[in-house]
Amino acid sequence: MSDDSEGASESREIVVPLRAYKAVTVFSTLLAIVCVILGFGFLDAATGGAGPLSVLFETIGLADAGGSLFTLVSALVGIGFIALGAGIYVLGTRFRTEGMGKAQDDSGGDSDNE
């Protein structure tokens, strides 16, 4: 890699104290998991599956009232939640503590991999 690409990757990382790192890691991962599960729940409701959101929407009467519009909106909301979960996870991985570094940076030796 060139020096420019290494500098760009280092500038994307945010150095925080260990306590903040733990909190960011735990809560960003938890929020990402919840968003992805909700996203798949909405996609299941859009396809008319037998998931909990489908049952809830049928009980409320939303699934019957909207028809194809409900299916479209539910699918878009599901995809949005999945994308949001992925974005939260990616941003959460940008944090590190002072002593952390990449294993490739610490080795000091050349790799035999080709």
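Student: In which helix does Val26 lie?
Tutor: This is a predicted model, in which local features need pLDDT (the predictor's confidence in each residue, from 0 to 100) of at least 70, side-chain atom pairs count only at pLDDT 80 or more, and totals for chains, interfaces and linings use all residues. Residues are numbered from 1 along each chain as its sequence is written, and side-chain values use heavy atoms, with hydrogens and water left out. Helices are DSSP runs of H or I with at least four residues, and strands are runs of E with at least two, numbered from the N terminus; on that basis Val26 lies in helix H2.

Student: Is Val26 buried, partly exposed or exposed?
Tutor: Buried means under 20% relative accessible area and exposed over 50%, with partly exposed in between (1.4 Å probe, protein chains only). Because its relative accessible area is 49%, Val26 is partly exposed.

Student: What share of the 114 residues of the protein chain counts as buried?
Tutor: The protein chain holds 6 helices and 2 strands, arranged along the sequence as α-β-α-α-α-α-β-α. Of its 114 residues, the share that counts as buried is 18%.

Student: Which element of the protein chain has the lowest mean pLDDT?
Tutor: The protein chain averages a pLDDT of 82, and 75% of the residues score at least 70. Where pLDDT is low, the predicted coordinates should not be read in detail. Among the elements, helix H2 (residues 18–46) has the highest mean pLDDT, 94, whereas the lowest, 54, belongs to helix H6 (residues 103–107).
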